[in-house]
Amino acid sequence: MSDEKKLKILIIDDDESIRTMYAEVFKKEGFEVEEAVDGLEGLDKATKNIPDVIFTGIIMPRMDGFGLKEALAKNVTTSNVPVVMFSHMGRKEDEEKAKQMGVREFFVMGMITPNQIVEKVKSTLGDAGEYKIKFSSSELDGPKLAKDLHFDEKFQCKKCGGNLDLALKIFDLNKHEFSARFVCSKCNGNGNN
Ligand SMILES: [Zn+2]
């Protein structure tokens, strides 16, 4: 990814050794890394320099990981930034709360290697900020669209036969502008090959 724009990750935790370790791991993978010591500093940094992904712990002074997620969601500029959370204790109720709040991934430290975490974060970024929509392929201009895109009229993936969904990505939230693509619900392919 040398000639691409670097992906920016914001690592937030009060444990310096955790931050330092993950900063190194993500830098090695080509990420631009920023660090913050708690939710409040993280929120401040995320608002000033919007990251592509936020990697945060839960228990921190001043503002914890959940408070951070809530604050990010309320801010238009940060509401679409994917949040990945890690826990030291692995409490089930924390994981459930995280999922309810829209946290993309929840890791329990010690249950997964740093490299596995990096891989998961990368795959999260692949469809970051995307919303998959089911649509009725036979109505309105569906058949014409299928023809123009060389899809079959039922909008099924040519590779695996799965149904194709429409994936919308917010382009400009204020103007309600989106970019769109088709994505196979089974193999995640583009439907054509
Ligand atoms: Zn497919």
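Which strand is M85 found in? Select residues 83-87 and you have the answer: that stretch is strand β4, and M85 sits in it. Bear in mind as you click around that this is a predicted model.

**Stop 1: M85 and its surroundings**

Keep M85 selected and show what is around it. M85 counts as buried because 25 C-beta neighbours lie inside 10 Å, and the cut-off for that label is 20 or more. Now colour its contacts. Setting aside neighbours within four places in sequence, M85 touches T56, I58 and G65 on the N-terminal side, and A98, V103 and F106 on the C-terminal side. Next, draw a distance from M85 to K69: the two are 16 residues apart along the chain, and their C-alpha atoms are separated by 9.5 Å.

**Stop 2: two helices side by side**

One of those contacts, G65, leads straight to the next selection, since G65 also belongs to a helix-helix contact, on the α3 side. Select residues 39-48 for helix α2 and residues 65-74 for helix α3. Their axes are 9 Å apart and meet at an angle of about 25°. Angles under 35 degrees count as roughly parallel, so α2 is roughly parallel to α3. Look at the handedness too: α2 passes α3 in a right-handed crossing. To see who does the touching, show G39, G42, L43 and A46 on α2, then G65, G67, L68, A71 and L72 on α3.

**Stop 3: back to the N-terminal strands**

Now select residues 8-12, strand β1, together with residues 32-36, strand β2. How many bridges join them, and is the pairing parallel or antiparallel? Five bridges, in the parallel sense. For one of these pairs, pick K8 and find its bridge partner in β2, which is E32. Then add residues 16-28, helix α1, and follow the chain from β1 through that helix to β2: this β-α-β crossover is right-handed.

While the strands are on screen, here is a general point for reading side chains: in a regular strand they alternate between the two faces of the sheet.

**Stop 4: zoom out**

Select everything and switch to cartoon. You should be able to pick out six helices and eight strands. Trace them from the N terminus and the order reads β-α-β-α-β-α-β-α-β-α-β-α-β-β, so the run closes with two strands in a row. The C-alpha trace spans about 55 × 40 × 35 Å along its principal axes. Colour by burial and 22% of the 193 residues come up as buried, M85 being one of them. Finally, among contacts with a separation of 6 or more, 56% link residues 24 or more positions apart.

Definitions and conventions. Residues are numbered from 1 along each chain as its sequence is written. This is a predicted model: local features need pLDDT of at least 70, side-chain atom pairs count only at pLDDT 80 or more; totals for chains, interfaces and linings use all residues. Helices (H or I, at least four residues) and strands (E, at least two) are DSSP runs, numbered from the N terminus. A residue is buried if 20 or more other C-beta atoms lie within 10 Å of its own, exposed if 12 or fewer, and partly exposed in between; C-beta atoms are placed from the backbone. Two residues are in contact if their C-beta atoms, placed from the backbone, lie within 7 Å. Two strands pair if DSSP finds at least two bridges between them. A crossover is right-handed if, with the strands pointing away from the viewer, the path from the first strand over the helix to the second runs clockwise. Axes are lines fitted to C-alpha atoms, for helices over the stretch in contact, and angles run from 0 to 180 degrees between N-to-C directions. Angles under 35 degrees count as roughly parallel, over 145 as roughly antiparallel, 65 to 115 as roughly perpendicular and the rest as oblique. A crossing is left-handed if the near helix is turned anticlockwise from the far one by less than a right angle, and right-handed if clockwise.
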